[in-house]
Protein chains: 4
Amino acid sequence: MGKKVLLTGFDPFGGETVNPSWEAVKRLNGEVVEDVSIAAEQIPTVFHHSAAVLEKAIEKHKPDVVICVGQAGGRAHMTPERIAINIDDARIPDNEDREPIDEPIAEDGPAAYWSALPIKLIVKELRKNGIPASVSNSAGTFVCNHLFYQLMHRIDRTSANIRGGFIHIPFLPEQTVDKHEPSLSLETIVEGLRIAAVTSALHEKDIRETGGSLS
Amino acid sequence: MGKKVLLTGFDPFGGETVNPSWEAVKRLNGEVVEDVSIAAEQIPTVFHHSAAVLEKAIEKHKPDVVICVGQAGGRAHMTPERIAINIDDARIPDNEDREPIDEPIAEDGPAAYWSALPIKLIVKELRKNGIPASVSNSAGTFVCNHLFYQLMHRIDRTSANIRGGFIHIPFLPEQTVDKHEPSLSLETIVEGLRIAAVTSALHEKDIRETGGSLS
Amino acid sequence: MGKKVLLTGFDPFGGETVNPSWEAVKRLNGEVVEDVSIAAEQIPTVFHHSAAVLEKAIEKHKPDVVICVGQAGGRAHMTPERIAINIDDARIPDNEDREPIDEPIAEDGPAAYWSALPIKLIVKELRKNGIPASVSNSAGTFVCNHLFYQLMHRIDRTSANIRGGFIHIPFLPEQTVDKHEPSLSLETIVEGLRIAAVTSALHEKDIRETGGSLS
Amino acid sequence: MGKKVLLTGFDPFGGETVNPSWEAVKRLNGEVVEDVSIAAEQIPTVFHHSAAVLEKAIEKHKPDVVICVGQAGGRAHMTPERIAINIDDARIPDNEDREPIDEPIAEDGPAAYWSALPIKLIVKELRKNGIPASVSNSAGTFVCNHLFYQLMHRIDRTSANIRGGFIHIPFLPEQTVDKHEPSLSLETIVEGLRIAAVTSALHEKDIRETGGSLS
């Protein structure tokens, strides 16, 4: 039987009127590619509440793989994240005006969780398809990292047979018409997430390929 | 009778295997949009010889508007250029291994020519269509600026009834798979150049709208 | 008899409380280096009025060389400017709330003037002394370019035996404590302008060395 | 009795002829500031061997605080690191030509360790003194992160009464004369590390101040 991948995207935040993560994953909702079926759910850009909504989505879809997706304004590449860290440190308020500073996400959790996705293989497959991609070593300290950590913590706590991870994506071109920031088209991002979903579903093991960062 | 626009794109240079300018303009060759007909020609990335090839293309197509297009690796926006300057100063060799340093393009020419395209209106129309765009105040000192200057100098010398200008465009995504530079998809660039061609053909006068740069 | 160099710096603009150009040139006021004497004057960041103040400073000091200096927030290098262009296009208001858009600086002036400073030699000398430097091909379209153009236009009109030019400099570190922009220390900028002043006074001819830009 | 701070800096790597971290910390060697005495040691830019050299330096100096310092080419700020992660992933060879890919630093170690320095307070003090600073959420995956992780793992394993952390610093101006990267002067970096050392010695607790990152 085929694998099931749950993709999540956030609602807009920080003054933007769209969030490319939701725009992209909703277009993949219901797709079946290479026997991998994809479902998509929207998550609120809110500390903690985001995790509760994710929890329900996981219960509903019972996925083999969960890939949370978020906007990383300023990045030029699609970037699978390597690690989630146990801290909330908001630079701007979330969508319910919470602005935690240096608060642990889970009091009982470890400092960090590794992504369980084959992040190097995803980067390789994306590049092979002409899509700019690289590994990121920090998902920040806002709601994206929060949700990523909560996802991995939930899987760890429940010993669920789910592989989870997070991918940050650039702005859409329409978000950058008057700011000098990189962007990728919606078509490119959708195709990139399709590749990432299938690659993650079909490959439990990552490849050994350089993808490090000097600093 | 409808207007005729000649678009030109360069062949690849600087180690790249494609040049987004030629990839984009060749897709517009033969199109007729809003009674504006578009022709496209390829230009070699070679000082001086580029101008001779452009000259022949102008004689062949007898356009009302000429828009030369070139790759500006590192830029995030489509950028109509404001001004062409009378100097060649190569940082790398051109495609025939010439590397002029601080040589005037035309001994008898003025220091600079202004674009005759409605550059502010083009930027406005591109943004309205969700395409990142801004005015650039420097086309550099390589073959792009050379061709732009030669185009304007030729029009000036011959008092031809042609309006000319230059637009720089970002890398394609496939050129940036392993370098952290901005890109725009071919579809976005093609649509952007279509808008720029039609806008230039239909509007001789520019709008008065801020588009300056502090430095 | 020794040469005389007039350096000018601007007052703060755009919400900044200091302008590194004035902070730096005022420290060089009265210095005599290698028989080159340096005077410094402050110029208001105001279209046109800046030129009137510069005119008086030139009459007062009767310099052989005039180097106007301005802040280029975001640049990492000290950048001698290659060319001044005949246009005002303000992105923000000047210090008297004027915001000209696409207005010529001098109705009767050419499109552009070249710097008369040995810009390649200045870059070479700065780098030899460990100071980050490169040639810039655009001084923007705000008051910096305005003053640069006015300086060259004044010299051209009066056939004065003065060599003129413009150097843009980065932010000071204290201006970037909470924004991710490059800076250079005041000591480095002062030393760099000292080198530029002496080099400009002692060398009328520039060297032939690559310093171009692809776009 | 006064506190003792050990600062470490690396030897040059990646084709550079100097490493600003060693240039800076060696100038602080032997200083006593506000009853805080500072020692400095050089560390080789080599995976694992760096940790052995650090171990000896700790045994020799018996410090209360250890701050390892490293070059982060491309950054504009001095950046106290928040977290060290348990992975080596080299993008270039280290100084003994080792290039580990996705290897854990310590088989028995946790995924990550938090800095024990008051990183927000350090940033605040640096900014108060006009020095560009911000918190970083990733020390990369090269030798800098390796040493940082090894330091924290050693303290954890031995229950030593030492507080440790890592600070990344920009290039020196002389390293950027012909590349467009930010830099800070040696004087600024030395002053910044002096402030960081004293602040870390005198304050065990951090302040609660925003310093997060969206992504």
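How many Å should the 13 residues of helix H2 of chain C span at 1.5 Å a residue, and how far apart are its end C-alpha atoms? I will start there and then move outwards to the other chains. Please keep in mind that this is a predicted model.

Helix H2 of chain C covers residues 49-61, and the expected span is 18 Å. Its end C-alpha atoms are 19 Å apart, which agrees. Now the side chains. Ser50(C), Ala51(C), Leu54(C), Ala57(C), Ile58(C) and His61(C) are the buried residues to look at in this helix. Viewed down the axis of H2(C), the buried residues fall within an arc of 120 degrees, so they line one face of the helix. Turned away from that buried side is a face that carries Lys56(C) and Lys60(C), both exposed.

What lies over the buried residues of H2(C)? The cover includes three strands of chain C, namely S1 (4-10), S3 (36-43) and S4 (65-71), together with helix H4 (143-158). After the helix comes Lys62(C), with a positive phi near 45 degrees.

Chain B has its own helix H2, again residues 49-61. Its 13 residues reach 19 Å from the first C-alpha to the last, close to the 18 Å expected. Buried in H2(B) are Ser50(B), Ala51(B), Leu54(B), Ala57(B), Ile58(B) and His61(B). Down the axis of H2(B) these buried residues fall within an arc of 120 degrees, so here too they line one face of the helix. Lys56(B) and Lys60(B) are exposed on the other side. Strands S1 (4-10), S3 (36-43) and S4 (65-71) and helix H4 (143-158) of chain B are among the elements covering the buried residues. Lys62(B), just after the helix, takes a positive phi of about 45 degrees.

Next, chain A and its annotated positions. An unreviewed UniProt entry lists Glu81(A), Cys144(A) and His168(A) under "active site". Why can these three be said to gather at one spot? They span 88 residues in sequence, yet no two of their C-alpha atoms are more than 10.4 Å apart, so they do come together.

Take Glu81(A) by itself. It is found in the loop between strand S5 (79-80) and strand S6 (83-85) of chain A. Its relative accessible area is 0%, so Glu81(A) is buried. Beyond its neighbours within four places in sequence, Glu81(A) has contacts that include Arg75(A), Ser136(A), Asn137(A), Phe148(A) and Phe166(A). His168(A), from the UniProt list, is another of the residues that Glu81(A) touches.

Cys144(A) sits in helix H4 of chain A, residues 143-158. Is Cys144(A) buried or exposed? It counts as buried, at 3% relative accessibility. With neighbours within four places set aside, Cys144(A) is in contact with Phe10(A), Gly70(A), Gln71(A), Ala139(A), Phe166(A) and His168(A). His168(A) is therefore in contact with Glu81(A) as well as with Cys144(A).

One more residue in chain A before the interfaces. Glu204(A) lies in the segment after helix H5 (186-202). Glu204(A) counts as exposed, at 56% relative accessibility. Its C-alpha atom is separated by 7.3 Å from that of Leu117(A), which is 87 residues away along the chain.

Now the assembly, beginning with chains A and B. The contact takes 21 residues from chain A and 20 residues from chain B. About 1400 Å² is buried between them, and carbon and sulfur atoms give 61% of that area. His77(A), Val177(A) and His180(A) supply 32% of what chain A buries against chain B, more than any other three residues.

A turn of 180 degrees, with a shift of 0.0 Å along the axis, lays chain A on chain B with an RMSD of 0.0 Å. Pro182(A) is the residue of chain A that comes closest to this axis, with its C-alpha at 2.3 Å. The same surface serves both copies, as 95% of the contact residues of chain A recur in chain B.

Chain A also superposes on chain D, by a rotation of 180 degrees with 0.0 Å of shift along its axis and an RMSD of 0.0 Å. The two copies are thus related as by a two-fold rotation axis. In this pair, 100% of the interface residues of chain A are also interface residues in chain D, so the copies meet through the same surface.

Two pairs remain. Chain A and chain C are joined by no contact, and their closest C-alpha atoms lie 13 Å apart. No contact joins chain B and chain D either, with 12 Å between their closest C-alpha atoms.

How values were computed. Residues are numbered from 1 along each chain as its sequence is written. Chains are lettered from A and ligands numbered from 1 in the order in which they are written. This is a predicted model: local features need pLDDT of at least 70, side-chain atom pairs count only at pLDDT 80 or more; totals for chains, interfaces and linings use all residues. Side-chain values use heavy atoms; hydrogens and water are left out. Contact means heavy atoms within 4.5 Å. Copies are superposed by least squares on the C-alpha atoms of residues with pLDDT of at least 70 in both. UniProt positions are given in the numbering used here, feature names are shortened, and annotations may be inferred rather than shown by experiment. Helices (H or I, at least four residues) and strands (E, at least two) are DSSP runs, numbered from the N terminus. Buried means under 20% relative accessible area, exposed over 50%, partly exposed in between (1.4 Å probe, protein chains only). The expected span of a helix is 1.5 Å times one less than its number of residues. The arc is that of the directions from the helix axis to the C-beta atoms. Buried area is the accessible area (1.4 Å probe) that two parts lose on being put together, summed over both.
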